[in-house]
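Biologist: I'm new to this one, so could you walk me through it step by step? Let's put the structure up before we start.

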Amino acid sequence: MIATVLMVTGLLSVAYALGLGLAVVQTSTDDTVAREKAREAMEDVYTARDTASITFDQICNVGSGAGCIFISGLTGLTSPGADGIVNTADDGAAETVDTPGPDGILGTADDILLPLSNYRRSIQITQLSPILKQITVTIQFTTPRGITRSVTLVTLMSPYV
């Protein structure tokens, strides 16, 4: 009887650990997508500054001053608009991820486009001094288990390239 109780306890512990491990593996894909989307947004801001498609003074949240272009708060993930920068007023359609279809080959006619509807992005810009801004990109997403998680990337930017 004691051996049976110990065996059942051990098997339940192994089953719990296996389930927990599978949940971590499933969430790691969402974490990776969130990190990459945060990096892409940050690259958009730096590229716009470096190519002079926007001025340093325009790198601020709408409502923070004249000419500011970045939308405040969390918004759905959209593709960049004509200005090539995400989280601005001219953004395009909702972002999707291209996945291989039944043939298992990416880039063929049967690929499946999965919407990134469970992700939201925020670009918050804080003026630290006349020549220094803090840019915080946050990607928030909901896991299949209904848990809300977020990834935040913070950097400093000056007008100098």
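Modeller: Two strands pair if DSSP finds at least two bridges between them. Strands here are DSSP runs of E with at least two residues, helices are runs of H or I with at least four, and both are numbered from the N terminus. Bear in mind that this is a predicted model, where local features need pLDDT of at least 70, side-chain atom pairs count only at pLDDT 80 or more, and totals for chains, interfaces and linings use all residues. Residues are numbered from 1 along each chain as its sequence is written, and side-chain values use heavy atoms, with hydrogens and water left out.

Biologist: Which residue in strand 6 stands opposite T136?

Modeller: Strand 5 and strand 6 run antiparallel, joined by 10 bridges. Across from V137 you find L153. For T136, the residue opposite in strand 6 is V154.

Biologist: In what order do the four strands of the open sheet come?

Modeller: Strands of a sheet pair through backbone hydrogen bonds, either parallel or antiparallel. In this sheet the pairing is antiparallel. Strand 1 (75–76) and strand 6 are the edges, each pairing on one side only. The order is 1-4-5-6.

Biologist: What angle does the direction of helix 1 make with that of strand 6?

Modeller: Helix 1 packs on the sheet and touches strand 4, strand 5 and strand 6, where contact means heavy atoms within 4.5 Å. Axes are lines fitted to C-alpha atoms, for helices over the stretch in contact, and angles run from 0 to 180 degrees between N-to-C directions. Here the angle is about 25 degrees.

Biologist: Which element gives the most to the largest nonpolar core?

Modeller: Such a core is a set of buried Ala, Val, Leu, Ile, Met, Phe, Trp, Tyr and Cys residues joined through side-chain atoms within 4.5 Å. Buried means under 20% relative accessible area, exposed over 50%, and partly exposed in between (1.4 Å probe, protein chains only). The largest one has 24 residues, with I59, F70 and Y119 among those with the most contacts inside it. With six residues, the top contributor is helix 1.

Biologist: Which cysteine does the disulfide join to C60?

Modeller: A disulfide is a pair of cysteine sulfur atoms within 2.5 Å, and the count comes to one. C60 counts as buried because its relative accessibility is 10%. The link is left-handed, with -95 degrees about the S-S bond. At an S to S distance of 1.9 Å, the partner of C60 is C68.
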